Amino acid sequence: MTVYWREWRKGQRLILSLKGGSHEEEVGGVRETKRGFDAFAKTFGYDPGRAQKDIPTMEVAKEFVESFRPWELFEGGEGLDVESSVRPDSS
């Protein structure tokens, strides 16, 4: 299992790669807006605190998402760290 950021047309998505890369799960994301960056970390319930708007920089927005460690919601995700490099868009 690996956790990494992937480029996306308006920002970046945080991806958890499962089963040797045969399945991917989006666990968070950051998108650029006119006022800054919006960020969210996935959850299995309703938690409005896992989303924030108008963050000043991409790096601060990514730190916000990573602080929730959303990949740990999945079996086997405990103890993983996010890869340092950002992967290109796969589409």
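## Reading the rings, core and sheet

Tutor: Let's begin with the rings: a search of the whole structure turns up two aromatic pairs. Keep in mind that this is a predicted model.

Student: Why is the pair of F44 and F74 called edge-to-face?

Tutor: The ring centres of F44 and F74 are 5.5 Å apart, and the limit for a pair is 6.5 Å, so the two rings count as a pair. Their planes stand at 70°. Edge-to-face asks for over 60 degrees, so the label fits.

Student: What makes this a link between distant parts of the chain?

Tutor: F44 sits in the loop between β4 and β5, while F74 belongs to the loop between α1 and β6. The two are 30 residues apart.

Student: Is F44 buried or exposed, and why?

Tutor: F44 has 63% relative accessibility. Exposed means over 50%, so F44 counts as exposed.

Student: And why does its partner F74 get the label it has?

Tutor: The relative accessible area of F74 is 17%. Buried means under 20%, so F74 is buried.

Student: What makes F64 and F68 an aromatic pair, and of which kind?

Tutor: F64 and F68 are 5.1 Å apart, centre to centre, which is within the 6.5 Å limit. Their planes make 80°, and over 60 is the edge-to-face range, so this pair is edge-to-face.

Student: How do you tell whether F64 and F68 are buried, exposed or partly exposed?

Tutor: F64 has a relative accessible area of 15%, and the limit for buried is under 20%, so F64 is buried. F68 has 26% relative accessibility, a value in between the 20% and 50% limits, so F68 is partly exposed.

Student: Which residue of the loop between β4 and β5 is in contact with F64 and F68?

Tutor: That is G49: its place is in that loop, and, leaving aside neighbours within four places in sequence, G49 is in contact with F64 and F68. At 42% relative accessibility, G49 counts as partly exposed.

Student: What makes you say that R13 lies over the face of W8?

Tutor: R13 is 3.8 Å from the ring centre of W8, and the limit is 6 Å. The charge must also be within 35 degrees of the ring normal. R13 is listed as lying over the face of W8, and R87 likewise lies over the face of Y4, at 3.7 Å from the ring centre.

Student: What makes up the largest nonpolar core?

Tutor: It has 18 residues, and those with the most contacts inside it are L14, L16, V30, A39 and V65. β1, β2, β3, β4 and α1 each give two or more residues to this core. Helix α1 provides the largest share, four residues.

Student: Which residues is V30 in contact with?

Tutor: Leaving aside its neighbours within four places in sequence, the contacts of V30 include W5, F37, A39, M58, A61 and V65.

Student: How do you know that β2 and β3 pair?

Tutor: Pairing needs at least two bridges, and eight bridges join β2 to β3, which run antiparallel. One example is L14, whose bridge partner in β3 is G28. Four residues lie between the strands of this hairpin, and K19 takes a positive phi near 50° there.

Student: What joins β3 to β4, and what joins β1 to β6?

Tutor: β3 and β4 pair in the antiparallel sense over six bridges, and they form a hairpin with two residues between them. Here G29 stands opposite F40 in β4. β1 and β6 pair in the parallel sense over three bridges, and R6 stands opposite R87 in β6.

Student: What is the strand order in the sheet, and which strands stand at the edges?

Tutor: The open sheet of six strands has the order β5-β4-β3-β2-β1-β6, with mixed pairing. β5 and β6 each have a single partner strand, so they stand at the edges, and one side of each is left without a neighbour in the sheet.

Student: Last one: why is D81 given its accessibility label?

Tutor: D81, in the loop between α1 and β6, has 60% relative accessibility. The limit for exposed is over 50%, so D81 counts as exposed. Leaving aside neighbours within four places in sequence, D81 is in contact with V3 and R69.

Key: Residues numbered from 1 in each chain as written. Predicted model: local features only at pLDDT ≥ 70, side-chain atom pairs only at ≥ 80, totals over all residues. Heavy atoms only, no water. Phe/Tyr/Trp six-rings, centres within 6.5 Å; stacked < 30°, edge-to-face > 60°. Buried < 20%, exposed > 50% of the residue type's maximum accessible area, 1.4 Å probe, protein only. Core = buried A, V, L, I, M, F, W, Y, C linked by side-chain atoms within 4.5 Å. Contact = heavy atoms within 4.5 Å.
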